[in-house]
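Open the model in your viewer and keep the sequence panel beside it. This tour goes stop by stop: what to select, then what is there.

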Amino acid sequence: MNTDGHRGDDRFVDQLTRRLDARAERVDPAETGHPPDEDAALADVFDEVVHELGEEATWSGVPFGLRDAVLGCVRTEADAADTPPVTEPADPPSLAEARNRRSPRARRWLLAVPAAAAVALVFTVGVLAVERALEPRGESYSAAGTGLAPAATATVSVLPAPSGFKVSVDAEGLPAAAPGSYYAAWLQGPTGTVPLGSFHGRKTGAAIALWSGVDPAAYPDFLVTLQAEGDAPMPSGQVVMTATLRR
Amino acid sequence: VASRERPRTDRPVLARGVLLRFRDGDVDALGAVFDRYSSAVWAVALRVTHADPLAQEAVQETFVRAWRAAGSYDPDRDLGSWLLGIARYTALDVLRRELRPTRGGHEAEQDVVVEPPGIERAWVSWAVQEALRGLNDSEREIVRLSFYEDLTHVQISERLGLPVGTVKSRSHRAHRRLAELLAHVRDDTEESGPENQRAPGRRTPIMTDAGERGEA
């Protein structure tokens with residue numbers, strides 16, 4: 001950056017520092033005795049910075065468990081990409097969007113396949129079929145709806161994974177959460193309650209993927225609660241579905 | 001104005017080896033990228049979606065999309081800017097998806113229009129989030145108490161058990177440091193032109209690590 005740029009930066013830093021100081025001291029910037037911000041555009045930027053510093057999004061931090069969810073999802077996809085292809089028919093690829101990217105190794109492998117589009121399509125469908133056929137299922141349990149959702153049933157599958165336990169919930173009859181609300185899944189045991197994640201259930205056709213950082217054997221009570229946005233991050237008491245993850 | 005050491009804004013935060021492994025689809029490298037940028041992505045996602053569950057979905061999808069597209073990432077370019085672009089549009093996608101007709105039939109069929117301020121402010125959210133990473137813990141806490149909890153210097157001094165004068169001096173120091181770390185916003189504003197002053201930045205605002213942060 002040139003000298004003018006440095007001077008401009010200095011002026012910017014001085015002005016923004018004054019603005020932040022004034023805000024912290026509850027002083028109107030116009031009363032500080034300093035000249036007003038010279039550039040209206042920068043004044044807007046300063047306003048936005050001050051606004052952002054007061055926003056919950058700036059300070060709330062990333063929810064616990066999101067990292068494991070991301071890496072778990074990607075590992076599953078990477079593993080699937082390494083699976084050899086077959087050409088047997090498969091169900092409609094509801095996960096097609098989630099599978100349309102392969103790892104570099106898989107991309108190189110794909111290049112070795114004859115380029116005809118039909119073959120590629122069969123290959124992709126075949127990979128999905130094998131992926132589903134070979135996907136470990138883990139232990140499965142039945143969940144039932146409570147009085148709040150009497151028609152709801154679900155199969156809850158627990159699968160140990162390197163980063164935790166993948167908990168899949170294949171639910172039926174569970175009404176979609178209304179706008180402003182959502183479902184949250186939990187594990188409870190003698191030592192406390194652990195969140196598994198949240199979902200709204202407004203689209204069907206795929207199991208709900210949740211993750212646990214604790215062994216469900218020590219937290220055998222599975223429950224789903226209906227939560228209102230803005231509520232504290234703890235079970236609301238509106239339990240809509242329960243299961244016992246114990247043989 | 002007295003000269004001062006300018007914040008270093010061009011030093012890679014993640015080792016080049018990590019960036020190369022990320023480009024090659026390495027999952028552990030993605031974990032390192034998540035650790036470095038998830039706070040900023042989260043802030044952007046919340047800014048655009050205004051809802052925690054949607055923001056979670058957007059963050060997850062952002063990193064999955066980034067991993068899928070990593071083969072097109074140039075390790076010589078700033079990863080933060082590249083990721084910010086994905087985060088903004090992914091958050092928009094999630095919001096649009098959410099607003100489409102649903103099984104519950106809550107909304108009528110319609111073209112979804114996302115309010116521009118949400119997406120435009122995403123850039124400032126990102127820049128502020130990155131700048132806060134450049135403060136040490138005590139500076140960041142004072143800024144949080146002052147701006148987020150809206151406490152006065154006296155209240156902060158009582159909360160932290162510090163003399164008011166110490167709170168004031170640390171507060172001023174934190175503000176100046178923050179302003180220095182946000183100085184690139186001026187460049188981006190000028191280069192974008194006044195009519196487009198909130199365009200996404202072309203580089204990750206702040207490059208810091210714990211080793212650079214001074215203690216109060």
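**Stop 1: strands β4, β7 and β8 of chain A**

Select L187(A) and F222(A): F222(A), in β7(A), is the bridge partner of L187(A). This is a predicted model, so keep the confidence colouring within reach for the later stops.

Now widen the selection to the two strands. Take β4, residues 181–189 of chain A, and β7, residues 221–228 of chain A. They run antiparallel, and eight bridges join them.

Keep β7(A) selected and add β8, residues 239–244 of chain A. This pairing is antiparallel too, with five bridges between β7(A) and β8(A). For a marker, pick T225(A) and V239(A): V239(A) in β8(A) is the bridge partner of T225(A).

While side chains are on display, follow one strand along its length. In a regular strand the side chains alternate between the two faces of the sheet.

**Stop 2: strands β1, β2, β3 and β6 of chain A**

Select β1, residues 139–145 of chain A, with β2, residues 153–161 of chain A. The two run antiparallel and are joined by six bridges. Look at S140(A): its bridge partner in β2(A) is S157(A).

Next, drop β1(A) and add β3, residues 164–172 of chain A. Nine bridges join β2(A) to β3(A), again antiparallel. How many residues lie between β2(A) and β3(A) in their hairpin? Two residues separate the strands.

Two pairs help you trace the register here. T155(A) has D170(A) in β3(A) as its bridge partner. T153(A) has E172(A) in β3(A).

Now go from β3(A) to β6, residues 208–212 of chain A. Five bridges link β3(A) and β6(A), in the antiparallel sense. Select F165(A) and find S212(A) of β6(A) standing opposite.

**Stop 3: the interface**

Show both chains and select the residues in contact. You should have 69 residues of chain A and 69 residues of chain B. The area buried between chain A and chain B is about 6200 Å². Carbon and sulfur atoms give 60% of that area.

Switch to the charged pairs. The rule finds eight salt bridges across the interface of chain A and chain B; over all chains, the structure holds 23.

Select D150(B) and R26(A). They form a salt bridge, with the closest N and O atoms 3.2 Å apart. This pair crosses between chains: D150(B) sits in the loop between α6 (137–148) and α7 (153–160) of chain B, and R26(A) in the loop between α1 and α2 of chain A.

Move on to E77(A) and R68(B). Theirs is also a salt bridge, and the closest N and O atoms are 3.1 Å apart.

Polar contacts come next. Across the interface of chain A and chain B, 14 residue pairs are in polar contact, with both residues at pLDDT 80 or more.

Which helices of chain A each supply at least two residues of the side that touches chain B? Select α1 (3–24), α2 (40–53), α3 (56–59), α4 (66–81), α5 (96–99) and α6 (104–112) of chain A. The largest share, 15 residues, comes from α1(A). Colour this side of chain A by residue class: it divides into 32 nonpolar, 14 polar and 23 charged residues.

**Stop 4: confidence**

Colour by pLDDT and start with chain A. Its average is 74, and 69% of the residues score at least 70. Select residues 86–123 of chain A. pLDDT is below 50 there, and the stretch has 53 contacts in the model beyond near neighbours in sequence. Residues 129–136 of chain A are also below 50, with 17 such contacts.

Turn to chain B. The average pLDDT is 76, and 71% of the residues score at least 70. Among the elements of chain B, helix α8 (residues 164–181) has the highest mean pLDDT, 95, and helix α9 (residues 183–192) the lowest, 65.

Select residues 1–12 of chain B. pLDDT stays under 50 over this stretch, and the model has 26 contacts for it beyond four places in sequence. Then select residues 192–216 of chain B. Here pLDDT is below 50, and the stretch has 77 contacts in the model beyond near neighbours in sequence.

Finish with the scores for the complex: the predictor gives an ipTM of 0.73 and a pTM of 0.54.

Terms used: Residues numbered from 1 in each chain as written. Chains lettered and ligands numbered in written order. Heavy atoms only, no water. Contact = heavy atoms within 4.5 Å. Buried area = accessible area lost by both parts, 1.4 Å probe. Salt bridge = Lys/Arg side-chain N within 4 Å of Asp/Glu carboxyl O. Polar contact = N/O pair within 3.5 Å; in protein donor to acceptor, adjacent residues only side chain to side chain. Helix = DSSP H or I, 4+ residues; strand = E, 2+ residues; numbered from the N terminus. Nonpolar A, V, L, I, M, F, W, Y, C, P; charged D, E, K, R; others polar. pLDDT = per-residue confidence, 0-100. Pairing = 2+ DSSP bridges.
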